[in-house]
Amino acid sequence: MMTPQMHSVYVFVRDLDRALFFYCGTLGFPLRSRWEDGAEVGGHGTVLTLATAHGTESDEAGGIVGRATGVTFAVDRETYARLAARGVFIGEPVRYPWGTFAVVTDPDGNEFAFLAPADDAEHENHPAPRVLDRTARLAAYAEAGGDD
């Protein structure tokens with residue numbers, strides 16, 4: 001059986017120097033390597049491969065630049081606070097019982113999320129959600145006055 005491991009996530013950018021300034025300078029990702037049209041940033045199992053998209057401004061480089069990536073980075077509360085102080089998050093963060101979720105866009109409009117765990121006081125008052133099996137869901141539904 002194959003057990004794949006994530007190597008990296010490609011993020012297409014228009015200007016590699018500007019992207020590196022954002023990812024390394026603003027967000028604090030370490031630079032792993034760089035070549036003519038790309039670079040790798042990150043570490044400890046989280047690597048972004050920044051690749052220069054060749055295309056024109058008007059066609060959005062074939063639609064691969066400036067999009068939601070679906071990538072969420074787990075960070076500690078200290079890192080989250082440092083990023084928040086730098087003003088990198090767009091919109092208001094969303095607070096869940098298990099943590100705080102905030103969105104970042106890079107200079108090209110590529111969107112990422114950061115998730116910081118809830119502090120202990122938050123976590124005690126709001127336990128993390130749990131998945132109920134079908135029997136438990138039906139019991140909860142019947143207890144609330146529903147029919148099956």
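This passage describes the two sheets of a predicted model and a nonpolar patch on its surface.

The first sheet is open and has four strands. Their order is E1-E4-E3-E2, and the pairing is mixed. Strand E1 covers residues 9–13, and strand E2 covers residues 31–35. Both stand at the edges of the sheet. Each has a single partner strand, so one side of each lacks a neighbour in the sheet. From one strand to the next, the twist averages 20°.

Strands of a sheet pair through backbone hydrogen bonds, and the pairing may be parallel or antiparallel. E1 and strand E4 (residues 46–52) run parallel and are joined by five bridges. Within this pair, phenylalanine 12 has alanine 51 of E4 as its bridge partner.

The second sheet is also an open one of four strands. Here the order is E5-E8-E7-E6, again with mixed pairing. Strand E5 (68–74) and E6 take the edge positions. Each of these has a single partner strand, so one side of each is left without a neighbour in the sheet. Ignoring direction, neighbouring strands are turned by 20° against each other on average.

The pairings of this sheet can be followed from E5 onward. E5 and E8 pair in the parallel sense, over four bridges. Alanine 68 has glutamate 111 of E8 as its bridge partner. E8 and E7 pair in the antiparallel sense, over seven bridges. There, valine 104 stands opposite phenylalanine 112 in E8. E7 and E8 also form a hairpin, with five residues between the two strands. Glycine 109 lies in the turn and has a positive phi of about 90°. Strand E7 (residues 99–105) runs antiparallel to E6, and five bridges join the two.

A helix accompanies this second sheet. Helix H3 spans residues 77–85. H3 lies across E6, E7 and strand E8 (111–117). The helix runs at about 150° to E6.

Edge strand E6 also holds valine 94. This strand spans residues 89–96. Valine 94 stands opposite phenylalanine 101 in E7. The relative accessibility of valine 94 is 36%. Partly exposed residues lie between the limits of 20% and 50%, so valine 94 counts as partly exposed. Valine 94 contributes to a nonpolar surface patch together with Tyr96 and Trp98. The area of this patch is about 250 Å².

Definitions and conventions
Residues numbered from 1 in each chain as written. Predicted model: local features only at pLDDT ≥ 70, side-chain atom pairs only at ≥ 80, totals over all residues. Heavy atoms only, no water. Patch = residues over 30% accessible without salt bridge, like charges linked within 9 Å, V, L, I, M, F, W, Y side chains within 5 Å. Areas by Shrake-Rupley, 256 points an atom, 1.4 Å probe, with all protein chains shown as cover. Salt bridge = Lys/Arg side-chain N within 4 Å of Asp/Glu carboxyl O. Buried < 20%, exposed > 50% of the residue type's maximum accessible area, 1.4 Å probe, protein only. Pairing = 2+ DSSP bridges. Axes fitted to C-alpha atoms, helices over the stretch in contact; angles between N-to-C directions. Contact = heavy atoms within 4.5 Å.
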